[in-house]
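The exercises below ask you to read burial, contacts and charge pairing from a set of coordinates. Each task sentence is followed by a solution that goes step by step.

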Amino acid sequence: MVALLSGSAAFGQIHQMERRDTSVVDRSYNLNPVVVTGSGHHQRLKSTATPVHVLSSQEIREQGITTFDQALTRMLPQVSMAPNSMGTFLRLNGLGNKYILILINGQKLSGDISNNVDLNRISMSRVKRIEILDGAASSLYGSDAIGGVINIITDQPTSSLVSVTSDTRVSGHGVLTQGVNVDVFKNGFGSYTTFTHDRADSYQNNTLEYKKGSDTETQETIAPYFTGYRSSIIGQKFTFAPNRQLALNAGLDYSYKITDRPHTRQDITGGTDYEMRYKGFRWYLGGIYKFTNRHSLQADFTVDRFRYGKEYAVETKDYAIGDYVQSKKQRTMEGNLKAVLGLLEGSTTIVGANWRKDYLTATSGNIDQHAYTLAAYAQHEQKLVADLTATVGLRYTHHETFGNQLTPKAVLMYAPGNLRFRATYSAGFRAPGLDEIYYHYFSVNRGKAQIIFGNNDLKAEHSHYFSLNAEYRSDLLAVSMTGFINRINDMVVRQDIPVDAQSLSMLRSEFPEMTDDQAGKLERYSRYVNSDKGDVKGMQLNVSANLFSGFNLSANYVYTYARSKTGDEWTAMERSIRHAATIAANYHHAWGRYALNVNLNGKLQSKTYYTSYEDAPGFGIWSLNTIHTFDATKWLVVEPSIGIENLFDRVDNRIDSSNRKYALYSPGRMLTVGLKVKFK
């Protein structure tokens, strides 16, 4: 089920002290939960002014989903992803990674690889829900929130003194997900320990590729269609609530990932000399003090470090097996202070301040730079008359490089009975990254040089987002329709520049390490510029119904018309998709201490547009998952699961070529089995 929501993106979940029903075989769909992203404070779903989406942990598990990217792509039609060895290329409503802000409990997750997000840093074993806000949200969240915000809310149970949970799931092509949680809670003190391990083998859907320069002559290759990996996350969080007013938290997360690709061979193409290795370390602390039920003060501080590079698996002229060459190191320090106040009857006022400093060291890009950001923001939500609520907000941001930015927001909601009508305007901005400003990049891939120059004359990108929403919500049925427009100016793109004799002389002077052979093959180099305009229009339709006891049906459809303009020419935005839908049918029934859950879900989408490659065809993927819950004793729950992914064996097995990209990355039909065991 996909629902609409809004609320605060801080960490108010640590202050929830309520006890839960210990009977895990019970199951119900809540179409009106308390949610937290969008308006900046806790509200019931039907009371929120800003429409967003929520994916609950219950719904995620019922669909047999174990990874973050699966949760987004299989449950949200407006999200698409393209996995590769350089991370995951994420798109939301046609806009890519750098326009999407990813938060964990309201705190930014930093670290990217060539603008691809390393989603393996996110452990699903702690996810309570995922909240997705479409469109610009810079009035609350600052830079990068042009395309939307994805906020991962984690869970800290308080119902048992000690609980241990092990969750394992395996399927074809070496896919394994293992999560272990150890939770301790007593007298307001909580300790939450997490270990997650994911792995998958590389695979091919076609062992052939076209020879370079030919669209007819083929050759064998070992180049993977999907790049395998091994990933581990260790997390530790402590919470302490000495009374009903104060709640404190502190924690850290360490992540490690290395690719698992075919190695270079003399007899066949497609292998690589090295694996990509990634490490992340994030620590944080914060707290909330509630003066009254309507007045609270929140503060948090986060340090996030991320680095990646090449670990050689094949001996080369310059490197031995096991040698590591760092490519990029990033560090972000961020502090937030926010007050949520009930100053007037029927109102909620939020005021806050933010400080952030970004550091970037890139060996291949010849960068060792940093920049800071200071911001202050305010938002006021006021009930004007019966059923009519208005929200206005404004953020002032000072960026060390790009100066001052103002980003307003205005929302109007009319809410008679179970109906909701919302109108939203919000502005967004994005400060270009340190790489886009300072890059002096030289790298060699398979004998070909790649050169990228930054540009310290870049301007910040700006957007204007408008949406209209109509919604009906009751305990049995939720229907929502949203129309939106998102317009972006001064989009930063990499401009390809042909190499001539004069520019080649300049490039060889800038990069003396370039060999004669590499210079002879060099056809173009790149430079970051403010070139494009973006225009995204669309419509979303979401339906969820509790048709009868134990049975829920949800369907979500998105139409997105995403274009970018270079010069006077409009073209379909890279990797955009016009039509997409998700469908899920879920049945749950309990017999005493045993419960059965059956879930059928599908993702359907039309072709994917590419600007420099042929378009990828559309597809429909259906999966079936069953969960069998045995509430064996007062202290033990056993939950085996079995399912089939890609029921109808849909595969994109086109022959790989330099002019081809893909949208469907499934290897075909796979049996999946899992076992979850909880000691409580």
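**Exercise 1.** Decide how far helix H2 (residues 68-75) is enclosed by the rest of the structure.

Solution. Begin with the criterion: buried means under 20% relative accessible area, exposed means over 50%, and partly exposed lies in between, with a 1.4 Å probe and protein chains only. Helices (H or I, at least four residues) and strands (E, at least two) are DSSP runs, numbered from the N terminus. Next, list the residues of H2 that are buried, which are Phe-68, Ala-71, Leu-72, Thr-73, Arg-74 and Met-75. Because six of the eight residues of H2 are buried, the helix is largely enclosed by the rest of the structure.

Two conventions apply throughout. This is a predicted model, in which local features need pLDDT of at least 70 and side-chain atom pairs count only at pLDDT 80 or more, while totals for chains, interfaces and linings use all residues. Residues are numbered from 1 along each chain as its sequence is written, and side-chain values use heavy atoms, with hydrogens and water left out.

**Exercise 2.** Describe the surroundings of Ile-152, stating which residues it touches.

Solution. First place the residue: Ile-152 lies in strand S13 (residues 148-154), and its relative accessibility of 2% makes it buried. Then collect its contacts (heavy atoms within 4.5 Å); leaving aside residues up to four places away in sequence, Ile-152 touches Phe-68, Ile-102, Leu-103, Ile-104, Asn-105, Ile-122, Val-127 and Arg-129. Phe-68 also appears among the buried residues of H2. Finally, consider a residue remote in sequence: Ala-663 is 511 residues from Ile-152 along the chain, and their C-alpha atoms are separated by 25 Å.

**Exercise 3.** For the salt bridges of Asp-260, Glu-311 and Glu-461, find the partner of each residue and say how exposed the two ends are.

Solution. The definition requires a side-chain nitrogen of Lys or Arg within 4 Å of a carboxyl oxygen of Asp or Glu, and the structure holds 32 such bridges.

- Asp-260 pairs with Arg-230 at 4.0 Å, N to O. This pair joins strand S20 (residues 246-260), which holds Asp-260, to strand S19 (residues 228-240), which holds Arg-230, across 30 residues. Asp-260, at 27% relative accessibility, is partly exposed, and Arg-230, at 33%, is partly exposed as well.
- Glu-311 pairs with Arg-277, with the closest N and O atoms 3.0 Å apart. Since Glu-311 belongs to strand S22 (residues 295-312) and Arg-277 to strand S21 (residues 274-292), the pair ties together parts that are 34 residues apart in sequence. Glu-311 is partly exposed at 21% relative accessibility, whereas Arg-277 is buried at 16%.
- Glu-461 pairs with Arg-430 at 2.5 Å, N to O. Glu-461 sits in strand S31 (residues 461-473) and Arg-430 in strand S28 (residues 419-430), 31 residues apart, and both residues are buried. As a last step, extend the pair to its network of salt bridges, which links Lys-98, Arg-430, Glu-436 and Glu-461.

**Exercise 4.** Compare the radius of gyration of the protein with that of a compact globule.

Solution. The radius is taken over C-alpha atoms, and the globule rule is 2.2 Å times the number of residues to the power 0.38. For 680 residues a compact globule would have a radius near 26 Å, so the 25 Å of the protein agrees. To complete the picture, the C-alpha atoms fill a box of roughly 70 × 55 × 45 Å along the principal axes, the protein has six helices and 40 strands, and 55% of its 680 residues count as buried.
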